[in-house]
Structures are given as structure tokens and as C-alpha cells.
Amino acid sequence: MDFYQLLIITGPILLQVVVIIAFTLFNTGYLTYYERKVLARMQNRVGPLHTGPIGLLQPLADGIKLMFKEDIVPDQADRAVFKLAPLIAFVPAIAAYAIVPFGPGVTLFGHKVSLYVTDLNIGILYVLALSSLGAYGIVLAGWASNSKYALMGGLRSASQVISYEIPMGLAIISVLMMTGSFSLVKITQSQPNIWNWNVFYQPFAFGLYVIAAIAETNRAPFDLPEAENELVAGFHVEYSGFRFALFFMAEYANMLMVSCMAVVLFLGGWNPIVPRAAFEMVPLVGPYIAFIGDPAIWWFIIKIYVFFFIFLWLRATLPRLRYDQLMKLGWKVMIPLALANIMLTGLVRLLVK
């Protein structure tokens, strides 16, 4: 097999990987802008305003600043682990997007190109495994920093991930019982219109998933690993420059990932809320549909940002829980409720058959 044959075979896959990584990194950067603007409006402020038109270049400015800041490593830190930990947190966060179905596919140069790298028949397990792997980066960062604040943040993160991955997995099991597949593409295809969305059949599982996803990503009101008022910044308190940026990007990539999973599992994935034919009938919109690409992609992105808004809304309105309250909620409330929901789902499926 010569180089050109290899390029023909691997070219489309490499293009998909590059496009999806670029999409993820772009959204990871601009989710920070979205968050700052939304929180500003909720607090009667304006947010980023002066860096570019209406502050649109603020994420770029922040990235350049972090790239050129001094990379400080504490004298007593384990230097190898300290430097490796941000990558362990960041790489799994990006790798999970390989199986996210952003759309059914587009036609390029006469060839059908899918908008996902691969369709694994164990896609759900793949995502859960990578989300667990990313927690090792946080734990190692806390341990390697040789700081009591960082170590406490790492330990909190480890126990929090263990506690809330269980109800998240149990909530997902309820959806799998309805769809009969671990493939994200097949789960999306099982919800062809809004009346088939799993959120209507599994509203209880959706609520459990939302709470577990917020805790899994260490976001307010479950941001105990970073608790500024008691741990300064938690596991990344000793990090600066680009390594700090990797932790920051990993956090937002994980938030975007759980939003993608929520859209696929509960909100119909790429399937539209309003049929395309309805838009084509609108005088000012119909003529321009051909220029915006496949509407399925845009529906998927809109749903992601609507779900992400929940993270911001809760951060702006709810105070941080105490750590004992966090653990009690996970083990004494959410896990029993998730198990009860599975039993109820199984009973309904049995009676319907």
C-alpha cells in the first residue's frame, strides 16, 4: 500500500478528528465567554466588553496571557507527576468526543462523511471510562503539589467522582433499558421527533443525571474540590501558566461533554425540535437554510448551549454545599432513588410487553 492509498483511506478519519478537536477547543474557549456574560447579566453587570467587539476576543486574550505566563513548579513538588497531571486530566476530556454524534453526516465532494469519528457499540462505557480516568489527573495534581490545600482538593475530587458516577451510571441504565443499545448513534436514532425524547419517558432519570453531572464536573454548588473560601483553589492552587490553562480547558471540556451526553440520551441528539420543512416555509429564513449547512448540527449545538445554561444558572443562584451534605445527597438520596427508578422502568417494560 503506497502513501496515496493510505491517505485516501485515513484522510476522512483524520479530517473528522481535526474538525471535532477544533470544534471542542473553540467551544471550550468561548464557553468561558458565554459563562461570564450570562453570570454578568444575572448579577446586573455587563461582563467582558472591551476586548474586541462586545468582548468577543476575551477568550483569545486570556489564552495568550496564560501561554506566556511563567510556569512555576514548587521546590518540594514531585516534578514529573506535577507536570504530567494536567495532561492526564485534559487528554481523556478531549478523547471522549470521538464518539459524540454531532449530526447524521454531510456530503463532501460526492462522499458521505459522518459527523463523528466512530460509532462504538459500547459508546456509553467508553465515555464513563474516560470520565473516570480524568479524575486521576486531579488526584495526582493534588498529591504532587506538596500542598495541604491541593491534597485536600484532590482527595475531595476523588471521593466526589466515585460517589456521583454511581447515580449517573444508574440514571443512564434507565435510558439504555428504553433504547436497548449502548451506541450513541442508535440512541439518537431512537428519538426521531420531540415526542420520542427520553426526557419525557425518563424525567426522573434526567433529573438525577443533571445533578450527578454537575457534581461530576466539580461545578457549583458542588465545587468542593476547589472551594476558594477554604482551600484557596484546591487541587490546582500551585499551578500557573499553560498547565493551569490545561486544567481549565479540561473542566470546560468535561462540562461540554456531559452536555452532549444529556442531549444524546434525553433530548433527541441531532433530531430537530421543529421540522426543516417548517423553516423553509418562513419567508426570511427559508432562502438561507442552504447556506447554514445541515440544520441537524445547529440543533445539536443549540441543545448543548441550553443545557450548559443550567450550569450557569445554578452557579449564580445556589450556595456551595458542605462536604457532608454532598456525600449524604449522593449515597443516601440519589443512589436509592436511581435504583428505584431502574426497578420501576423494568416493571413498566415488563407490563408493556
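# A walk from Ser240 to the helix H8 and H10 contact

Let's start at one serine: if you skip the neighbours within four places in sequence, Ser240 is in contact with Glu70, Asp71 and Ile72. Keep in mind that you are looking at a predicted model. Ser240 sits in the loop between helix H9 (228-231) and helix H10 (241-266). Is Ser240 buried or exposed? Its relative accessible area is 14%, and under 20% is the cut-off for buried, so Ser240 counts as buried. One of its contact partners, Ile72, also shows up at the level of single atoms: a polar atom of the Ser240 side chain lies 3.2 Å from the backbone nitrogen of Ile72.

Now step back for a moment to see the whole chain. The protein chain has 13 helices and two strands. Of its 353 residues, 45% are buried. If you take the contacts with a separation of 6 or more, 78% of them are between residues 24 or more positions apart.

Next, follow helix H10 over to helix H8. The axes of H8 and H10 come within 11 Å and cross at roughly 170°. How do the two helices run relative to each other, then: what does that angle make them? An angle over 145 degrees counts as roughly antiparallel, and H8 and H10 are therefore roughly antiparallel. On the H8 side, the residues that meet H10 are Ala205, Phe206, Tyr209 and Ala213, and their counterparts in H10 are Val258, Met261, Ala262, Leu265 and Phe266. Sort that contact by class and you get nine nonpolar residues, with no polar and no charged ones.

Two of those residues deserve a closer look, and that brings us to the aromatics. The structure holds 19 aromatic pairs. In one of them, the rings of Phe206 and Phe266 have their centres 5.3 Å apart and their planes at 65°, so this pair is edge-to-face. Phe206 lies in helix H8 (residues 203-216) and Phe266 in helix H10, so the pair ties together parts that are 60 residues apart in sequence. Both rings belong to buried residues: Phe206 has 17% relative accessibility, and Phe266 has 0%.

Another pair lies within H10. Phe248 and Tyr252 are tilted, at 5.1 Å centre to centre with 50° between the planes. They are four residues apart in helix H10, so about one helical turn separates them. Here the burial is split: Phe248 is partly exposed, with a relative accessible area of 33%, whereas Tyr252 is buried at 4%.

Going back to Phe206 and Phe266, you will find them in one aromatic cluster along with Tyr34, Tyr209, Tyr305, Phe307, Phe308 and Phe311. Tyr209 in this cluster is also among the H8 residues that meet H10.

Last stop: Ala144, in helix H4 (residues 123-144). With a relative accessible area of 1%, Ala144 is buried. What does Ala144 touch, not counting residues up to four places away in sequence? The list is Ala77, Asp78, Val81 and Phe82. Take Asp78 from that list: Asp78 and Ala144 are 66 residues apart in sequence, yet their C-alpha atoms are 5.0 Å apart in space.

Terms used. Residues are numbered from 1 along each chain as its sequence is written. This is a predicted model: local features need pLDDT of at least 70, side-chain atom pairs count only at pLDDT 80 or more; totals for chains, interfaces and linings use all residues. Side-chain values use heavy atoms; hydrogens and water are left out. Buried means under 20% relative accessible area, exposed over 50%, partly exposed in between (1.4 Å probe, protein chains only). A polar contact is a pair of N or O atoms within 3.5 Å; within protein, one must be able to donate a hydrogen and the other to accept it, and residues adjacent in sequence count only if both atoms are side-chain atoms. Contact means heavy atoms within 4.5 Å. Rings of Phe, Tyr and Trp (its six-membered ring) pair if their centres lie within 6.5 Å; planes under 30 degrees apart count as stacked, over 60 as edge-to-face and the rest as tilted. Axes are lines fitted to C-alpha atoms, for helices over the stretch in contact, and angles run from 0 to 180 degrees between N-to-C directions. Angles under 35 degrees count as roughly parallel, over 145 as roughly antiparallel, 65 to 115 as roughly perpendicular and the rest as oblique. Ala, Val, Leu, Ile, Met, Phe, Trp, Tyr, Cys and Pro count as nonpolar, Asp, Glu, Lys and Arg as charged, and the others, Gly among them, as polar.
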